[in-house]
Amino acid sequence: MFAKSTFVAFLALASSVSAGGLSLNLRTSYNFGCSSSIKAKATTPQRDSCSSSGSFFTEYQGNPLCVSSSTRTPPPSDLTCPFNWGSHKTAKCCVPETEVSPCDCGEGYTFNSNEKKCVANHGGGCGQDQWYHDRSSSCCDNSWHWSPPTGPCPKGITCPTDWFWHKDHQKCKPHHPRSPEPDCDDWDQKNQCCGGGGSGPSQGVSGGSWKRNFKAREQIALFPQSNLDKMYCPSPLHACTVPTTTGGEWSYECIDFETELESCGGCASTGEGVDCTKIPNVLGVGCESGVCAVYTCEAGFAANGTECVAI
Ligand SMILES: *[C@@H]1O[C@H](CO)[C@@H](O)[C@H](O)[C@H]1NC(C)=O
């Protein structure tokens with residue numbers, strides 16, 4: 001069995017949020033969990049109310065804020081949040097789905113980590129009918145939303161989702177400020193388009209990811225990791241709630257459902273898994289591919305494979 005502390009380092013691998021907003025890196029996930037010194041400010045009732053599966057504390061203006069399924073709600077219309085984020089019911093700021101999350105506000109916005117919301121970019125000396133696009137350090141016309149000056153894309157080049165090929169600039173441009181960050185594998189920052197960097201690397205990438213997916217599929221076929229599991233545990237382990245008698249914030253351990261004797265085939269804490277050691281009259285028992293395997297039994301009983309039956 002793995003101890004929770006083993007995985008603290010794993011979570012810390014994700015980049016942290018920098019003070020001046022997030023970088024223009026693509027497909028980056030950030031750790032929105034709060035530091036232990038901020039978390040220490042949480043009162044016992046706050047910790048107790050943050051104990052459901054997947055709950056975590058994030059920092060909001062110097063204080064811990066519990067993010068859980070009961071504090072998260074869809075963002076109201078006057079709050080712009082990163083895609084797939086919700087808002088906090090009482091703090092009225094944006095909160096992510098999971099502790100480590102992507103943070104994409106759209107190309108015309110920057111995430112303000114202090115206020116925890118997306119704010120429209122200013123600067124660049126753009127005109128009244130324009131918005132500033134940080135990634136290309138240029139101004140985009142509002143009218144591109146409804147009448148983009150689209151031209152035919154050169155061979156081998158594509159534009160990201162909700163972007164278009166601008167016939168005069170000869171670059172991909174976002175349709176509007178909420179166009180997401182480029183979602184292609186081969187974004188070319190210099191030329192502002194997908195592809196166009198030669199065929200070699202993109203061939204390599206697709207071959208590589210196929211192999212990786214194939215291997216991963218083989219390993220996780222029996223008990224696939226949920227998004228929550230992926231967040232907190234290395235593959236192929238599952239995050240199981242550790243019951244505590246004293247309450248407090250959510251704690252978990254990482255379990256291999258295929259072999260874990262006390263959580264065989266699922267989390268023992270949710271009742272989905274079986275604690276093989278609790279099978280009546282059992283002596284020798286194992287967890288094989290998520291099923292308890294009974295080898296030996298106490299005197300007067302015989303193992304029939306899954307149970308001890310009286311003889
Ligand atoms: C073992 O015995 C129990 C109780 O009689 C029965 O339900 C179960 O199917 C048996 N298992 C096998 C593998 O025969």
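Biologist: In which strand does C287 lie?

Modeller: This is a predicted model, and in it C287 belongs to strand β19, which spans residues 282-288. The chain as a whole comprises five helices and 22 strands.

Biologist: How should one judge the environment of such a residue: is C287 buried or exposed?

Modeller: The general idea is to count the neighbouring C-beta atoms; a residue is called buried when 20 or more others lie within 10 Å of its own. C287 is buried because 23 other C-beta atoms lie within 10 Å. Across the chain of 311 residues, 28% are buried.

Biologist: Which residues is C287 in contact with, leaving aside its neighbours within four places in sequence?

Modeller: The contacts of C287 are T259, E260, L261, C264, C276 and C292. A separation can also be read from C-alpha atoms: T277 is ten residues from C287 along the chain, and their C-alpha atoms are 9.7 Å apart. For the chain, one may ask how far in sequence the contacts reach. Of those with a separation of 6 or more, 37% join residues 24 or more positions apart.

Biologist: How does β19 pair with β20, and over how many bridges?

Modeller: One reads the direction of the two strands and then the bridges. Strand β20 covers residues 291-297 and is antiparallel to β19, with six bridges between them. Within this pairing, G286 is opposite A293 of β20. The two strands make a hairpin with two residues between them. In its turn, S289 has a positive phi of about 50 degrees.

Biologist: What is the strand order in the open sheet that contains β5, and which strands stand at its edges?

Modeller: The order of this three-strand sheet is β4-β5-β6, with antiparallel pairing. The edges are β4 (72-73) and β6 (94-95); each has a single partner strand, so one side of each lacks a neighbour in the sheet. Strand β5, residues 86-88, is joined to β6 by two bridges, and G86 has V95 of β6 as its bridge partner.

Biologist: What is the order in the open sheet that contains β16?

Modeller: That sheet also has three strands, arranged β12-β16-β15 with antiparallel pairing. Here β12 (157-158) and β15 (187-188) are the edge strands, each with a single partner, so one side of each has no neighbour in the sheet. Two bridges link β15 to β16, the latter being residues 193-195. The bridge partner of W187 in β16 is C194.

Biologist: How is a nonpolar core to be read, and how many residues does the largest one have?

Modeller: In soluble globular proteins, nonpolar side chains tend to be buried together. The largest nonpolar core here has 34 residues, and F57, Y232, A239, C254 and I255 have the most contacts inside it. Among the elements giving two or more residues to this core are β2 (56-60), β3 (63-67), α5 (227-232) and the edge strand β6. Domain 1 (4-195) and domain 2 (227-310) each supply at least three of its residues. A second, separate core has nine residues, including C264, V285, C287 and C292. Two of these, C264 and C292, are also contacts of C287.

Biologist: Finally, which residues surround the ligand, and how do they divide by character?

Modeller: The ligand is surrounded by N304, G305, T306, E307 and V309. This shell divides into one nonpolar, three polar and one charged residue.

Conventions: Residues are numbered from 1 along each chain as its sequence is written. This is a predicted model: local features need pLDDT of at least 70, side-chain atom pairs count only at pLDDT 80 or more; totals for chains, interfaces and linings use all residues. A residue is near a molecule or strand if its C-beta atom, placed from the backbone, lies within 6 Å of it. Ala, Val, Leu, Ile, Met, Phe, Trp, Tyr, Cys and Pro count as nonpolar, Asp, Glu, Lys and Arg as charged, and the others, Gly among them, as polar. Helices (H or I, at least four residues) and strands (E, at least two) are DSSP runs, numbered from the N terminus. A residue is buried if 20 or more other C-beta atoms lie within 10 Å of its own, exposed if 12 or fewer, and partly exposed in between; C-beta atoms are placed from the backbone. Two residues are in contact if their C-beta atoms, placed from the backbone, lie within 7 Å. Two strands pair if DSSP finds at least two bridges between them. A nonpolar core is a set of buried Ala, Val, Leu, Ile, Met, Phe, Trp, Tyr and Cys residues joined through C-beta atoms within 7 Å. Domain bounds come from an automatic or database domain assignment.
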